[in-house]
Each structure stands twice: as C-alpha cells, then as structure tokens.
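Me: I should like to learn how to read an annotated residue, a helix and a pocket in a model. Could we take them in turn?

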Amino acid sequence: MPNQSSPHVSVPLRAAVAALPAYVPGARPSGRAWKLSSNENPFPPPAAVVSAITEAAGEVNRYPDMFATELVEALATHVGVAPEQIVVGNGSVSVLQHVLEAVVEPGDKVVFPWRSFEAYPIVTAVAGGTPVTVPVTADGRLDLPAMAAAVGPRTRAVLVCTPNNPTGPVVHAGELEEFLASLPGDVLVVVDEAYLEFVRDPEAPDGMDVLGRHANVVLVRTLSKASGLAGLRVGYAVAAPRLAAGIRSASTPFGVNHLAQRAALATLQAPVQAELAEHVEALVGERTRVHDALRAQGWDVPATHANFVWLATRERTGELAAQAAAAGVLVRPFADEGMRVSIGEVAANDAFLELAAGWR
Ligand SMILES: *Cc1c(COP(=O)(O)O)cnc(C)c1O
C-alpha cells in the first residue's frame, strides 16, 4: 500500500549522482565577519548596474528574452567574435554543465586537474562522464604533460582551469600550445577563465587567440568574479559555431533571468567597464601585498593570478580555519590540504595576515 507520508523513498538515484560529494559553498557569515571564502568581489556593483536591476525589477512578470539576444550580441562585441559563437547560462558552472552534456556520452572520460574547481567532479558525473583526475604539481600548477598522458580513447573532454582554483597559478601559452597539439582533434578542451581579468602574467595564453587556432577549444567565462555579479549568475562560453549551437541546444531554456540580463548589459557599458577595471587593479594590488607578506612570514605560497591565495596548512587546516572563523575571518578550508583565502577589503586582508603571522 503506497504511503505518501512514508520517509522511505524507493526511487533509486543514479549511482553516479548518489556517489557525489555535495558542493561545499563558502562559509556564510553568521554575525560580523570578513567573507574570504567564495572569491567574491568585495566592491558592491557600480551604480549604473544597480539602477539597471532596479528598473528591470518592474518587468519581471514577463519571461526574459529566451536567447538573451541583446546580451549575446554585447558579449560577442566585447570579446570580438560573431554572436553565434556565444552561449550564455546561469553562471559559468551551468554553462560548463551544458558544455559537457552536449558532448559526453555515458561512460566517456573527462580529464581534469586536482585539486581544482570543486564543481568539476559534479558536472562530470551529472553529464554521465567518468572523471579522470591528474594531480597538480607541488607548486600548485597544472601538470599538462601528465594530463595529456591521461587522455585515452574514451576521453571526450579535458578541463583546463587557468588560473587554477584553488591554487592560483596560470598555464603558460607555450605549454598550452604543446598540450593542444598533442591531443586528438575530437577531444574537447574547455579552458575555464573565471579569473581572466586578474591575470598579470605576460606568459599567460590569450584565450581568443587559442580559440582561433584550435576548433576543439571552448572558453568559459563569468561575470561573477571581476564583474561582481556573483549573486545574479551570468556566465558564457565562446566556441566554434557548431559547438556553440550544440551547447545552446543542451542549455536550460530561459537560463539567464531578466534582472541578470539587464545587469550584465549595463556591466558591459564602457564607463562601468572602466570602473570595474579600477576595482580589479586595486584587488591585484592587494593580492601582491598579501602574497608578499605571506612569503615574508615564511609561507610557501604559490604564484597567484586570481583573486585568492592558497595556504598549504595541511593537517592543521581544520583547526586553523576554525580559529580564523572565531576571529571573524571566513576562509575556504580543504581538509588536510590547505585553505583558499580570497582577496577582500584591505581591513579583511589585514585581519587574515595577522592570523597567518600568528600561525607561523
Ligand atoms: C568561480 C568560478 C567559476 C564561476 O562560477 P559562476 O557559476 O560563473 O559563478 C567558474 N570556474 C571556476 C574555476 C571558478 O572558480
């Protein structure tokens, strides 16, 4: 006799889904605390973006433009490609999900570095793929030769996170080129450029240039970090038209909501871009200050080109992250490995540096 109130659910979950670790979001402050746990932009959105959202608020009884036509065109102009090469989504994590759903058949392998972005194992499993992880080097860099060696006949996609979250280093143009040249043309290479605007390494690859020379490359970008729209969820892929069409077909209908579309459009306006570039410059300055101070304290911090630093606190990670939280600084701990600490407000960075000095 079926019992609707029974807590015993007999519907089986897909094995790959049941086995997934839950995504661990950055800690949220319960009282007054500096939130350095989610790589957010500490600057509030520019006034023009806030007014665009406020204006759009009165229109949300209507569905958004399903294909975000205006935003797609603006992004295409922004990066210098045709609109048919852009696919937008509800944050770049969704875009990445749809990229994999467009190409991965059940049991296909997806190669990615580890430790890297926490969403990679999740989007891989949800797409029906089998993850193949390749350890990053001792200094937190992607090991591209080892990743190339991990590519086999069942590999359908490789994820390249540059700068790598949570360690910070970028891949270099030369090594990426060698890597791409060594792969079969039917393996998709996703270059995740979530922190692109924070990169200051002259040897970093130019994603658009790479895309222009390798039709199997997809760039994934976001407005969550440098553009400060994490709360609205806008990300996009840049790809060859046929791949882009496939990703679009796999995408959630109306995936970018109306407020997000209007805010993203406002963000792409030149004066707002200039304001955001100033914020990014200030954060890059703070990043250098924090990185150098940590090294002066004796920490072995990897070179970082993102808006965070990686502290290899190893088996003390849990204890130190709890200490930091008690002192009002939220970091992102990875048990027994280390902690990722976002670059935030100057006072937040100072508070973290004081804690780090005490831990030496
Ligand atoms: C933050 C981040 C993203 C962006 O996620 P959104 O869904 O766009 O907010 C994508 N990739 C990496 C590596 C990230 O760290």
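**Reading an annotated lysine, a helix and a pocket**

Reply: We begin with lysine 225, which lies in the loop between strand 7 and strand 8. Please note that the model is predicted.

Me: Which feature does UniProt place at Lys225?

Reply: The unreviewed UniProt entry places "modified residue: N6-(pyridoxal phosphate)lysine" at Lys225.

Me: Does lysine 225 count as buried or exposed, and why?

Reply: Buried means under 20% relative accessible area. Lysine 225 counts as buried because its relative accessibility is 14%.

Me: What is lysine 225 in contact with, leaving aside its neighbours within four places in sequence?

Reply: Lysine 225 is in contact with Ser38, Asn39, Asn41, Ala194, Tyr195 and Phe198. With tyrosine 195 there is a polar contact between the two side chains, at 3.1 Å.

Me: How should one read the buried residues of a helix?

Reply: An α-helix has 3.6 residues a turn, so residues three or four places apart point the same way. In helix 3 (residues 69–79), the buried residues are Leu71, Val72, Ala74, Leu75, Ala76 and Val79. They pack against strand 2, helix 8, strand 7, strand 8 and helix 10. Just after helix 3, glycine 80 takes a positive phi of about 85 degrees.

Me: How much space lies in the largest pocket, and which residues are closest to its centre?

Reply: The largest pocket holds about 870 Å³ of space. Among its 42 lining residues, Lys35, Ser38, Asn39, Glu40 and Ala230 are the closest to the centre. Strand 1, helix 4 and strand 12 each give two or more residues to the lining. By type, the lining divides into 18 nonpolar, 14 polar and 10 charged residues.

Key: Residues are numbered from 1 along each chain as its sequence is written. This is a predicted model: local features need pLDDT of at least 70, side-chain atom pairs count only at pLDDT 80 or more; totals for chains, interfaces and linings use all residues. Side-chain values use heavy atoms; hydrogens and water are left out. Buried means under 20% relative accessible area, exposed over 50%, partly exposed in between (1.4 Å probe, protein chains only). Helices (H or I, at least four residues) and strands (E, at least two) are DSSP runs, numbered from the N terminus. Contact means heavy atoms within 4.5 Å. UniProt positions are given in the numbering used here, feature names are shortened, and annotations may be inferred rather than shown by experiment. A polar contact is a pair of N or O atoms within 3.5 Å; within protein, one must be able to donate a hydrogen and the other to accept it, and residues adjacent in sequence count only if both atoms are side-chain atoms. On a 1 Å grid over the protein atoms alone, a cavity is a set of points where a 1.4 Å probe fits but cannot get out, and a pocket is an open set with protein on both sides within 12 Å along at least five of seven lines; lining residues have an atom within 4 Å of a point. Grid points are joined across faces, edges and corners, and a volume is the space filled by probe spheres set on the points. Ala, Val, Leu, Ile, Met, Phe, Trp, Tyr, Cys and Pro count as nonpolar, Asp, Glu, Lys and Arg as charged, and the others, Gly among them, as polar.
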